[in-house]
Amino acid sequence: MRTVLVTGSAGFIGFHLSQLLLEEGFRVVGFDGMTDYYDVRIKQRRHQMLLQHPHFSCLEGMLEDFETLHALALAEKPDVIVHLAAQAGVRYSLENPRAYIDANLIGTFNVMECARELGVDHLLMASTSSVYGANTEMPFGEDQKCDTPLTLYAATKKANEAMAHSYAHLWNLPTTMFRFFTVYGPWGRPDMALFKFTRGILEGTPIDIYNDGEMYRDFTYVADLVRGIRLLIDAAPVRPDTPEDIAEGDSLSPVAPFRVVNIGNGGKVRLMDFITAIEAECGREAVKNFMPMQQGDVPATWADASLLKSLTGYAPQTSFREGVARFVAWYRDYYRV
Ligand SMILES: O=C(O)[C@H]1O[C@H](OP(=O)(O)OP(=O)(O)OC[C@H]2O[C@@H](n3ccc(=O)[nH]c3=O)[C@H](O)[C@@H]2O)[C@H](O)[C@@H](O)[C@@H]1O
């Protein structure tokens with residue numbers, strides 16, 4: 001039985017990924033800091049659900065605490081590490097930048113050190129569509145220059161990509177970095193738009209709509225996303241012998257077993273259409289508070305998801321209306337409203 005260490009296992013994506021891996025016969029070792037960036041109870045509930053599975057175990061700890069993480073890694077000897085724990089959130093990085101340095105830079109370095117020492121088969125780590133920053137050419141392809149991050153959050157994730165490339169090169173550590181595009185779905189993050197909008201609409205309180213709603217996102221349904229991650233586990237990059245070995249459209253490094261892969265739905269949705277879908281599911285109209293563009297926010301994201309397709313044969317397929325319906329059903333059930 002193969003063992004996967006999932007950091008951020010009590011987080012939104014880590015929880016869904018752990019569930020899928022357990023269903024597919026992996027042993028999963030979770031690691032999570034249970035930080036109070038958002039309601040910790042939802043994180044505890046996610047871990048409780050995972051703990052019902054006999055092949056799941058977990059440890060609470062901060063990524064910055066190398067000794068704890070290292071001891072767990074040495075004891076469990078994972079074959080694969082999927083590093084999802086992070087300080088996430090675009091706008092919060094203006095309020096509390098240090099949290100991003102601690103978790104995303106120091107924390108990711110600690111994970112890389114464990115992966116190097118264990119010589120894992122594959123290290124997979126989360127990056128973000130935010131690294132495309134001020135780029136305007138759409139859809140965003142992995143080969144685009146990403147030198148214009150608009151927030152420290154995006155900058156730490158871009159730094160993670162560079163750090164990981166160096167380790168992949170130096171230690172021949174097969175590494176895949178995913179760039180996620182606004183992931184949403186049941187058990188989602190309370191700081192994100194879908195959660196905030198659903199709560200506001202059901203409670204009848206105003207929802208803040210940034211840039212007067214002139215926003216576009218490549219909303220990606222969480223079950224599709226974790227399916228993509230699952231398939232990428234088996235697609236570990238191999239250092240090419242010559243640059244000619246790199247297939248057209250592949251982001252594989254010429255000097256390391258390293259690539260970045262967008263995981264997005266491959267389309268852009270108007271924020272106002274997304275809100276209309278939530279209103280339809282809730283059966284109520286939102287009280288809308290139109291606001292200006294927020295500092296550090298980007299007006300649009302849209303993934304070129306063709307590399308994911310060519311590496312795995314898989315393309316995300318859930319429409320935003322379907323995904324929103326599943327989220328609202330979960331929300332009503334979870335909060336009994
Ligand atoms: O995919 C990504 O790169 C990023 O996706 C999300 O960031 P964001 O796209 O801002 O996701 P939401 O907070 O769900 O916002 C979606 C859209 O709704 C807007 N929004 C959000 C919140 C709100 O109260 N009002 C509002 O209009 C945002 O400006 C954005 O256009 C996550 O928060 C990041 O952690 C992740 O890295």
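These are my notebook entries on one predicted model.

**Ground rules**
I number residues from 1 along each chain, as its sequence is written. Because the model is predicted, I accept local features only at pLDDT of at least 70 and side-chain atom pairs only at pLDDT 80 or more, while totals for chains, interfaces and linings use all residues.

**Entry 1: the annotated domain**
I looked up the UniProt record. Its unreviewed entry annotates residues 4-235 as "domain: NAD-dependent epimerase/dehydratase". I noted that UniProt positions follow the numbering used here, that feature names are shortened, and that annotations may be inferred rather than shown by experiment. Over residues 4-235 I find 45% helix and 18% strand. The end C-alpha atoms of that stretch are 15 Å apart. My helices (H or I, at least four residues) and strands (E, at least two) are DSSP runs, numbered from the N terminus.

**Entry 2: around the ligand**
Which residues are closest to the ligand? I list T128, S129, M192, A193 and M215, out of 19 that surround the ligand. A residue counts here if its C-beta atom, placed from the backbone, lies within 6 Å. Helix α7 (193-203) and strand β8 (207-209) each give at least two residues to this shell. I sorted the shell by class and got ten nonpolar, five polar and four charged residues. Nonpolar means Ala, Val, Leu, Ile, Met, Phe, Trp, Tyr, Cys and Pro; charged means Asp, Glu, Lys and Arg; the others, Gly among them, are polar.

**Entry 3: α1 against α8**
I took α1 (residues 12-23) and α8 (residues 222-233) next. Their axes are 9 Å apart and make an angle of about 60 degrees. So α1 is oblique to α8. Angles under 35 degrees count as roughly parallel, over 145 as roughly antiparallel, 65 to 115 as roughly perpendicular, and the rest as oblique. I fit axes to C-alpha atoms over the stretch in contact, and angles run from 0 to 180 degrees between N-to-C directions. F12, I13, H16, L17, L20 and L21 of α1 meet V222, A223, L225, V226, I229 and R230 of α8. This contact has ten nonpolar, one polar and one charged residues. Contact means C-beta atoms, placed from the backbone, within 7 Å.

**Entry 4: α3 against α5**
The axes of α3 (residues 66-76) and α5 (residues 97-118) come within 10 Å and cross at roughly 30 degrees. α3 and α5 are therefore roughly parallel to each other. F66, L69, H70 and A73 of α3 meet N110, C114 and L118 of α5.

**Entry 5: two backbone details**
I found a cis peptide bond from M138 to P139, with omega near -5 degrees. P139 sits in the loop between β5 (122-128) and α6 (152-171). M34 is not glycine, yet its phi is positive, near 50 degrees.

Conventions: Two residues are in contact if their C-beta atoms, placed from the backbone, lie within 7 Å.
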